[in-house]
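These are my notes on contacts and burial in one chain. I list what I looked up, entry by entry.

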Amino acid sequence: MTAPSFEKFLLLSADLTAFEETDLLGTGMAHHYLAKVRAACGDEVVTALLDAHRAARADAAGTARSNARSPLDRDLFDRALRHRIFSDDRLGPVARGVIKLWYAGMWYALPPEWTDRYGADTAVGTSTVTAASYQEGLVWRAIGANPPGAKAPGYGSWAKPPRIPERYLKGVTR
């Protein structure tokens with residue numbers, strides 16, 4: 001079996017987090033996160049997740065041979081992700097773990113039912129990835145704030161409340 005592809009992991013991560021691949025690369029965490037997910041779940045599970053993601057993109061693009069970056073029908077794609085990944089007992093918890101990893105900068109242990117059934121020997125408990133992963137968590141970018149205790153925003157920045165950038169408010173009613 002070959003190791004899971006970094007490029008495929010990056011595309012999956014972009015689709016799961018709603019951040020652009022360049023934003024994810026800009027954190028400097030992508031390679032660390034792929035390594036953490038591989039350590040936590042094993043290459044077989046990660047490869048299955050990436051294959052299911054590719055199939056979900058193909059479902060939404062309308063062809064099994066679609067380009068990985070071809071335009072997608074978002075509604076079809078969301079349904080395909082729910083069907084192929086999030087409702088799957090093996091892949092769903094891992095995909096949710098990848099989302100939490102990117103947003104919080106931590107790997108949260110998979111549920112005991114998952115480890116009992118799919119990999120008690122390989123599953124990694126809750127842990128940080130690197131010292132920088134907290135600072136690079138996507139939650140801070142999503143809410144337009146800086147991580148407390150890190151990345152000081154500059155003098156007087158505290159005078160105004162954090163603002164969520166408009167690009168993240170698409171479809172949100174106020």
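**Aromatic pairs**

I searched the whole structure, a predicted model, for aromatic pairs and got 4. I wrote down two of them in detail.

One is Phe19 with Tyr103, an edge-to-face pair with 5.9 Å between ring centres and 65 degrees between the planes. I checked where the partners sit: Phe19 is in the loop between α1 and α2 (21-26) and Tyr103 is in helix α6, so the pair ties together parts 84 residues apart in sequence. I then looked up burial. Phe19 has 3% relative accessibility and so counts as buried, while Tyr103, at 23%, counts as partly exposed.

Another is Tyr33 with Trp102, also listed as edge-to-face, at 4.7 Å centre to centre and 85 degrees between the planes. This pair links distant parts of the chain, since Tyr33 belongs to helix α3 (residues 30-41) and Trp102 to helix α6, 69 residues apart. Tyr33 comes out at 0% relative accessibility and counts as buried. Trp102 comes out at 1% and counts as buried.

I noted one charge over a ring: the charged end of Arg57 sits over the ring of Phe77, 5.7 Å from the ring centre.

**Helix α6**

I turned to the helix that holds Trp102 and Tyr103. Does the length of α6 agree with its residue count, or disagree? Helix α6 covers residues 91-104, which is 14 residues, and at 1.5 Å a residue it should span 20 Å; the end C-alpha atoms are 20 Å apart, so the two agree.

I listed the buried residues of α6: Leu91, Gly92, Pro93, Val94, Ala95, Gly97, Val98, Leu101 and Trp102. Gly105 follows the helix and has a positive phi, near 75 degrees.

**Salt bridges**

The search of the whole structure gave 6 salt bridges. I followed up three of them.

Arg38 pairs with Asp43, with 2.6 Å between the closest N and O atoms. Arg38 is at 30% relative accessibility and counts as partly exposed; Asp43, at 23%, counts as partly exposed.

Arg90 and Glu44 meet through their side chains at 3.8 Å, N to O, in a salt bridge. Arg90 is in the loop between α5 (74-86) and α6, and Glu44 is in helix α4 (residues 43-61), so this pair ties together parts 46 residues apart in sequence. Which partner is exposed and which is partly exposed? Arg90 has a relative accessible area of 23% and is partly exposed, whereas Glu44 is at 53% and counts as exposed.

Asp59 forms a salt bridge with Arg84, the closest N and O atoms being 2.6 Å apart. Asp59 is in helix α4 and Arg84 in helix α5, so the pair ties together parts 25 residues apart in sequence. Asp59 is partly exposed at 37%, and Arg84 is partly exposed at 33%.

**Pro4**

I looked up Pro4, which lies in the segment before α1 (6-17). Its relative accessible area is 9%, so I entered Pro4 as buried. What does Pro4 touch, leaving out residues up to four places away in sequence? The contacts are Leu34, Arg38, Asp43, Val46, Thr47 and Leu50. Both partners of the Arg38 and Asp43 salt bridge are in that list. The C-alpha atoms of Pro4 and Arg38 are separated by 8.3 Å, with the two residues 34 apart along the chain.

**Glu136 and Lys151**

I placed Glu136 in the loop between β2 (127-128) and α8. Is Glu136 buried or exposed? At 13% relative accessibility, under the 20% limit for buried, Glu136 counts as buried. The Glu136 side chain makes a polar contact with the side chain of Arg141, at 3.5 Å. Not counting residues up to four places away in sequence, Glu136 touches Gly26, Thr27, Met29, Trp102, Arg141 and Lys151. Trp102 is the ring that pairs with Tyr33.

From there I went to Lys151, in the segment after α8 (138-143). Lys151 is at 38% relative accessibility and counts as partly exposed. With the same sequence neighbours left out, the contacts of Lys151 are Gln135, Glu136 and Asn146. The C-alpha atoms of Lys151 and Gln135 are 7.2 Å apart, and the residues are 16 apart along the chain.

Methods: Residues numbered from 1 in each chain as written. Predicted model: local features only at pLDDT ≥ 70, side-chain atom pairs only at ≥ 80, totals over all residues. Heavy atoms only, no water. Helix = DSSP H or I, 4+ residues; strand = E, 2+ residues; numbered from the N terminus. Expected span 1.5 Å × (residues − 1). Buried < 20%, exposed > 50% of the residue type's maximum accessible area, 1.4 Å probe, protein only. Contact = heavy atoms within 4.5 Å. Polar contact = N/O pair within 3.5 Å; in protein donor to acceptor, adjacent residues only side chain to side chain. Phe/Tyr/Trp six-rings, centres within 6.5 Å; stacked < 30°, edge-to-face > 60°. Lys NZ or Arg CZ within 6 Å of the ring centre and 35° of its normal. Salt bridge = Lys/Arg side-chain N within 4 Å of Asp/Glu carboxyl O.
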